[in-house]
2 protein chains.
Amino acid sequence: MPELHPLPARLKQVRILKQLTQQKLGELLGLDPSNASARMNQYERGKHTPDFDTLKRIANVLDVPVAYFYCEDELTASILQAAEALSEEQKLALLVSIREMVITEKEK
Amino acid sequence: MPELHPLPARLKQVRILKQLTQQKLGELLGLDPSNASARMNQYERGKHTPDFDTLKRIANVLDVPVAYFYCEDELTASILQAAEALSEEQKLALLVSIREMVITEKEK
DNA sequence: AAGGTATACTAAGGATTTCTTAGTCTGCAA
DNA sequence: TTGCAGACTAAGAAATCCTTAGTATACCTT
């Protein structure tokens, strides 16, 4: 099994949502305009994987956390993205409530 | 700025928590025992970054989601790890409640 | 229909990074 | 002080990514 990387699908989805072309997105990251399209296409088709620095810039431009591109299920990806907007305090409260949910489920 | 990769710190933390040596963890992933220690050390010191397949096997052995290694703050990493134990239904409920939290915060 | 344009996509080689090998270094216990 | 476990590293071999130079596809416009 060659384990499928979640990045290509997530990248495409968010890029389309933000109405950017592969070329334009690449330029916004600061890639050389002469190869921005080629590189972004390679990432989006899963041909190659960006290094962390590039990944971070992609995440910044698309306004999602870096970890978003590594979420293996859709729902977890959405949770992560939504949680980004929370304050530290709210995140802590969230963590506590998730742990309660887990305990509650076990008791069933 | 060379953007710091979150993986080294997270990897070390979970490995220690599970009381594994770099060598032993590498072997559990299926790395060649003759270089398991060297490779795990390189990942943990941030000298090199594992490819997705290796990352996935590390995540499996340590029982955390792959995205955990890409979370840039501690709290978000914990949220992600905790959320793993939830059912699809519970995740959906969680997503809804996060979105409510965001709206509530805005109203202040 | 033909030509133009925008976007997506790709092969191939040079550039860069990782993996393997063969160790050294550090701390601690006998 | 010797031995051992665990952490760590340099350097070359091997693998992967980046750059170049395009082709492919869909959709307009004339």
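How many salt bridges are there between chain B and chain A? Hold that thought for a second, everyone. Before I answer, please keep in mind that this is a predicted model.

Right, the count between chain B and chain A is 4 salt bridges. Let me show you one of them. Find Lys56(B) and Glu72(A): their side chains form a salt bridge, with 3.0 Å from N to O. If we turn to polar contacts, 7 residue pairs between chain B and chain A make them, with both residues at pLDDT 80 or more.

So which parts of chain B do the touching? Elements that give two or more residues to the side facing chain A are α4 (52-62), α5 (74-83) and α6 (88-107) of chain B. The largest share comes from α6(B), with 11 residues. And what sort of residues are they? On that side of chain B we have 23 nonpolar, 4 polar and 9 charged.

Let's look at the whole interface. Here 36 residues of chain B are in contact with 36 residues of chain A. Between them, the two chains bury about 3,400 Å², and 73% of that is on carbon and sulfur atoms. Three residues are worth finding on your screens: Phe52(B), Tyr70(B) and Ile79(B) supply 18% of the area that chain B buries against chain A, more than any other three residues.

Now a single residue, this time from chain A. Please click on Gln90(A), which sits in helix α6, residues 88-107 of chain A. Is Gln90(A) buried or exposed? Its relative accessibility is 12%, so Gln90(A) counts as buried. And what does Gln90(A) touch, once we leave aside its neighbours within four places in sequence? The answer is Met101(B) and Glu105(B), both in contact with Gln90(A).

On to the DNA, beginning with strand C. There are 17 residues around DNA strand C, and the closest are Gln22(A), Arg45(A), Gln42(B), Tyr43(B) and His48(B). Of the strand C atoms that come within 4 Å of the protein, sugar and phosphate account for 65%.

You can pick out some of the phosphate contacts yourselves. Gln22(A) uses a backbone N or O atom, 2.9 Å from a phosphate oxygen of DNA strand C. With Arg45(A) it is a polar side-chain atom that lies 2.9 Å from a phosphate oxygen of this strand. From chain B, His48(B) has a side-chain N or O atom 2.9 Å from a strand C phosphate oxygen. As for the elements, those that give two or more residues to the surface near DNA strand C are α3 (36-44) of chain A together with α3 (36-44) of chain B. The residues of that surface divide into 3 nonpolar, 10 polar and 4 charged.

Finally, DNA strand D. It is surrounded by 17 residues, and the closest are Gln42(A), Tyr43(A), His48(A), Gln22(B) and Arg45(B). For strand D, sugar and phosphate make up 63% of the atoms that come within 4 Å of the protein.

Which residues can we look at here? Asn35(A) has a polar side-chain atom 3.0 Å from a phosphate oxygen of DNA strand D. Arg39(A) has a side-chain N or O atom 3.0 Å from a phosphate oxygen of strand D. On the chain B side, a polar side-chain atom of Arg15(B) lies 3.2 Å from a phosphate oxygen of strand D. Elements giving two or more residues to this surface are α3 of chain A together with α3 of chain B. Its residues divide into 3 nonpolar, 10 polar and 4 charged.

Thanks for listening, everyone!

Key. Residues numbered from 1 in each chain as written. Chains lettered and ligands numbered in written order. Predicted model: local features only at pLDDT ≥ 70, side-chain atom pairs only at ≥ 80, totals over all residues. Heavy atoms only, no water. Helix = DSSP H or I, 4+ residues; strand = E, 2+ residues; numbered from the N terminus. Buried < 20%, exposed > 50% of the residue type's maximum accessible area, 1.4 Å probe, protein only. Contact = heavy atoms within 4.5 Å. Buried area = accessible area lost by both parts, 1.4 Å probe. Polar contact = N/O pair within 3.5 Å; in protein donor to acceptor, adjacent residues only side chain to side chain. Nonpolar A, V, L, I, M, F, W, Y, C, P; charged D, E, K, R; others polar. Near = heavy atom within 4 Å.
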